[in-house]
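Please open the structure in a viewer and keep the selection panel at hand. The tour proceeds from a single side chain to an interface between chains.

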4 protein chains.
Amino acid sequence: MVIVMAPEATSDNIDSIVELVATAGGAAYVTRGVSRTIIGLVGDIEQFETLGIAAMAGVSDVLRISVPYKLVSRENHGSRTVVSVAGVPIGGDTMTLIAGPCAVETPEQTLAAAMMAKSAGASLLRGGAYKPRSSPYAFQGLGEAGLQILADVREETGLPIVTEVVDAHDVELVASYADMLQIGTRNMQNFALLQAAGEAGKPVMLKRGMSSTIEEWLMAAEYIAQRGNLDIVLCERGIRTFEKATRNTLDISAVPVAQNLSHLPVIVDPSHSGGKRDLVLPLSRAAIAVGADGIIVDVHPHPETALCDGPQALVGADLEALAAMVATLPAAVGRPLTPARVPAGV
Amino acid sequence: MVIVMAPEATSDNIDSIVELVATAGGAAYVTRGVSRTIIGLVGDIEQFETLGIAAMAGVSDVLRISVPYKLVSRENHGSRTVVSVAGVPIGGDTMTLIAGPCAVETPEQTLAAAMMAKSAGASLLRGGAYKPRSSPYAFQGLGEAGLQILADVREETGLPIVTEVVDAHDVELVASYADMLQIGTRNMQNFALLQAAGEAGKPVMLKRGMSSTIEEWLMAAEYIAQRGNLDIVLCERGIRTFEKATRNTLDISAVPVAQNLSHLPVIVDPSHSGGKRDLVLPLSRAAIAVGADGIIVDVHPHPETALCDGPQALVGADLEALAAMVATLPAAVGRPLTPARVPAGV
Amino acid sequence: MVIVMAPEATSDNIDSIVELVATAGGAAYVTRGVSRTIIGLVGDIEQFETLGIAAMAGVSDVLRISVPYKLVSRENHGSRTVVSVAGVPIGGDTMTLIAGPCAVETPEQTLAAAMMAKSAGASLLRGGAYKPRSSPYAFQGLGEAGLQILADVREETGLPIVTEVVDAHDVELVASYADMLQIGTRNMQNFALLQAAGEAGKPVMLKRGMSSTIEEWLMAAEYIAQRGNLDIVLCERGIRTFEKATRNTLDISAVPVAQNLSHLPVIVDPSHSGGKRDLVLPLSRAAIAVGADGIIVDVHPHPETALCDGPQALVGADLEALAAMVATLPAAVGRPLTPARVPAGV
Amino acid sequence: MVIVMAPEATSDNIDSIVELVATAGGAAYVTRGVSRTIIGLVGDIEQFETLGIAAMAGVSDVLRISVPYKLVSRENHGSRTVVSVAGVPIGGDTMTLIAGPCAVETPEQTLAAAMMAKSAGASLLRGGAYKPRSSPYAFQGLGEAGLQILADVREETGLPIVTEVVDAHDVELVASYADMLQIGTRNMQNFALLQAAGEAGKPVMLKRGMSSTIEEWLMAAEYIAQRGNLDIVLCERGIRTFEKATRNTLDISAVPVAQNLSHLPVIVDPSHSGGKRDLVLPLSRAAIAVGADGIIVDVHPHPETALCDGPQALVGADLEALAAMVATLPAAVGRPLTPARVPAGV
């Protein structure tokens, strides 16, 4: 931690800080520059942050040097984490395709979408039973009935399921059906939900908040990790910028940056980033090439009647193009596609 | 609703849309331009949105013309709403000052802050018992013990209390103590929380999401209103931009814009916007002059030891300057300060 | 300047930096923390920046502590600057209203707008003869003919003129007509233009780039100052954000922040910020109340036929409201309106 | 063009618009909805934009439906443009690597960098003789002496040169040396420069403004095209967002979006986007996979002493990794690397 003093700070101001830090069991090293003095603190940073130094006389700025997360930091972790979702790995030597409908609507639609996903190379099925929507007048999901549909489709296809949970008090219920819990972009700082997910005993996919910094995203993951769950997958899904040609701006750099700061796998959602079907394929290629540990893609048998995000769901020729691409590009960049689990008894 | 067709759209594409809209009980008016055709739809827009038009062949764009919120819209409301918080009005002919500590820490600190607030002209007391924090290692609030402290201080000072609730399942408890529920910026799209707050029978202050558009903010208010509660106060608290000289960028224009779109009162939080003590006074003046229905300001008897946001809390000379300002500027712009309630029995 | 070393940096890495800085005539103070080491540098920062330290082995980050501008910094300047525009002050004890048409179109339109401006309390006339437009198909201004119109209207009304220059090679010509040169938002980092304006012997109004940080804005002012011209007025005109309800987001906090960092006057353009007529009055009030040294407002006798930005130009009742407001609010916040110059011979 | 009327608009308001449009030779089609009326205009949109409709009574909004650029639009162009830079193609069936030093410093440094570039697979050499810098105290480039160095290195290596021009009045001089003119991010809306570049008879690389929308970028290209030059290459180099972990946020989606809207080639600058050496390789892979027509990369023989942007310049093992990657990935996604020109007489 570095304290930057204002140009008009007095020696007394500086001495007060040095003493305070010493009292708190730390050490303060003073560097007097031509126009400003800086003070470097050594010791327990969490404790220093409670000392109110930023509000002390003569202080211009307080800079934190070390990262504020610990459990999810790469610094304190030997190797990259591979998260197992009912036996399907995310991270490691392969690139995992997750696909499925944005929302679970009917058993038929969900099964059809799952078959499409599987035929395209997906090893995990996504699908939402609880949908957080900007408008109270929009479709909010089927709830537990949707979870049951997902479970039935898993039985039929062998694909483990990833599904969103939007309220801390639904976590136990959702976890009883799901193989992986998804926390959505609007809930990235719903701390009660993060903590509940951290205690649920299932892997968690944490979408980046649409205007969260990478540091805030990792701090949100730290909330989950703190409850004892390190099976966390980070999902970049586009951030909010001034550009309106796309629904969100996919922050492709966030993949290598987050992989460098954390040991957790990082995947990309090319469907919600661009918000348009014809961007899904190029953005998927970019995600795989940049080194993402996986991608998560919307598919739907009838996008024109989808209750949620139809314009970005793949079908027909677009899905075939995705299937052809994931069969080759991941291997070409050194991480072949994660194979689907062989269902028990097959 | 206006459908913009792609330049390459065919007559068949256009006819399909016209027919679909007619089947749904609406009417479609086609305007063929030199390079593009547009189709204006008349009828039930919510129903049109379920038709999947955006995904139909030949469609380039779908523009929504009318606003997507109803209950909070100024269009459908005769007069501006005045929200009464235990008898203290927000909105109407006066400008309301809400003040208090960011977090409730001890009975003494809370009472001292409340007395400071009252002496500065505040008619409502703010203070957080539940604190959503970016870091799991930061102080998270006293919980119910904090609510009890607030209730005791209300008893002593006569100031009704505004306090944050962060989880849908705490709403009933918090509402049993609070005079007004606050929903924070990170929870603006926590829809379960919005709905619970809408059913709690207490006025709600809804802070704008730090990267929410004004339309999304009003949609979030619509979630509360839909549960039967129109006693909602909107609070602008700064948005996230590229500028880092301030903690957030106060979107001062959002006050007249939201007042023009909605009948709800709009207040400003100059403390969290700027994040620095020396910005609170100028931003408070700007908020009052722009026409805000109130301001909400952090005060603390000992900012240097505050457990939360000390650097922005007012004390001493800064608080006296605020008091002097609110005694005159609101009246100078036509809306004198809302007086504090006279406690019963006095 | 503070060097933050990576956790894996070696003692050799640290020694190399210390030696390099010593060779360059500076001093380096090392603080070894639990997980990281920081090095504080004392000496000539501009020289340190040429040493390539950021690219050296073991370096994680280089933080600049002192501000990178000098001539425009408040730190090195005794008092706030008052800029005189042909005798009309900007800065100091009064608040200056600048008004006029966005673009000079005809002598009649310009004179009518100037009379409107004067009657509303303006002491300076704005008007563009060179217009930078996003589209090559939009009106680009009258050029020198427009400058002559402005000069004629100045003769008639006594109002000194502020007008934009868009190319370094036009500066001499524009300066031969203008009392103050305006540099627009798109040219804030047109360094050749800044330097030419710095040598022109006329005061300069520097609009903030629509996505420039306050620091970059002050660095742009430093380019002008470096050529010997400190008669610079900074103009906040809104920044680009995700919010689309307004044309730009007026960064009202930038006024006190820039006034705190620099000795230069800071004014506000409420017309281009909001982009809508009904926002001009509330944003003008906010600007005056926050402490701006002036405001610059679009007026036009016939906004419906304006060749540029008609929707935001004031006329009729809106202009009367502005006139009434600037007659009282500035004085109420302690800085009465700057009076118009009394023309010579009157 | 679509006019959206306010809910309170009268029939007279609507009639006035219909008549005005008719007088201007256009046609207006009125669609009366439940709460609002919209008017679709057919005819000459550029003319309609001069009518001041947005400022007329009862008008809530004016929406432009067709794109405002023509010459660079894909709609009006049969096939994708391939730009030839002294015989080296950008666009078409191959992916072009441009590489070189950020700034020309000395003949030795430039030649060394060019040899590095060539060995990595580059077919074009980049290098700046004129450098626009945020600080007036930073290195501003060698000017014409730098151009001569570039010309000498071209002679030696056979690599055509791409170099920046920052002032309209330097265009002729720079074009007399360069094979391609580069217009930088800060000058994207320096319209005098765009027009001069359009008349220079050399291909132009137009970097996207750091906070420009894709539409504004294409409008800037239209300025060049309007002067008769369609040999334009668009270069995405990152946009400004709230995220500070990277210097800019590479908008990878801008590549397919701009390729879809325009017939011009689109390349990516992974060096300036990320601003860090270890991001160059993953972002280059992403750019190639997303379908960029080329990439432009900083290399430097001694990054630690580079006068400009050393931390992002490739050297040694990083450059070898780039060379290995461009030898295989472009071909794997269907567009092999553009070969270097065989020098005449070889």
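Begin in chain B of this predicted model by selecting Asp269(B) and Lys207(B): their side chains make a polar contact at 2.6 Å. Next, display the backbone around the aspartate. Asp269(B) sits in the loop that links β13 (266-268) to α9 (270-274) of chain B.

Is Asp269(B) buried or exposed? Its relative accessibility is 0%, so Asp269(B) counts as buried, the cut-off for that class being under 20%. To see what surrounds the residue, select its contacts beyond four places in sequence: Arg126(B), Lys207(B), Cys235(B), Glu236(B), Arg237(B) and Ile296(B). Lys207(B), the partner in the polar contact, thus appears again in this list.

Now select Cys102 in chains A and B. Cys102(A) has 4% relative accessibility and therefore counts as buried. Cys102(B), at 3%, is likewise classed as buried. There is no disulfide to look for at either position, as a search of the whole structure finds zero over all chains.

Hide these residues and show chains C and D. A turn of 180° with a shift of 0.0 Å along the axis lays chain C on chain D with an RMSD of 0.1 Å. That is the relation of a two-fold axis. The same surface serves both copies, since 97% of the contact residues of chain C recur in chain D. To locate the axis from the side of chain C, select Ser211(C), whose C-alpha comes closest to it among the residues of that chain, at 3.1 Å.

Colour the contact residues next: chain C contributes 38 and chain D contributes 37. Between the two chains about 3,200 Å² is buried, and carbon and sulfur atoms give 52% of this area. Select Pro136(C), Tyr137(C) and Arg240(C), which supply 19% of the area that chain C buries against chain D, more than any other three residues.

Stay with Arg240(C) and add Glu216(D). Their side chains meet in a salt bridge, at 2.7 Å from N to O. The interface of chain C and chain D holds two salt bridges by the rule applied. Polar contacts between chain C and chain D number 11 residue pairs, both residues at pLDDT 80 or more.

Finally, which elements of chain C give two or more residues to the side that touches chain D? Select α6 (191-198) and α7 (214-226) of chain C. Of the elements on that side, α7(C) gives the most, with five residues.

Technical notes. Residues numbered from 1 in each chain as written. Chains lettered and ligands numbered in written order. Predicted model: local features only at pLDDT ≥ 70, side-chain atom pairs only at ≥ 80, totals over all residues. Heavy atoms only, no water. Disulfide = S-S within 2.5 Å. Buried < 20%, exposed > 50% of the residue type's maximum accessible area, 1.4 Å probe, protein only. Helix = DSSP H or I, 4+ residues; strand = E, 2+ residues; numbered from the N terminus. Polar contact = N/O pair within 3.5 Å; in protein donor to acceptor, adjacent residues only side chain to side chain. Contact = heavy atoms within 4.5 Å. Least-squares fit on C-alpha atoms with pLDDT ≥ 70 in both. Buried area = accessible area lost by both parts, 1.4 Å probe. Salt bridge = Lys/Arg side-chain N within 4 Å of Asp/Glu carboxyl O.
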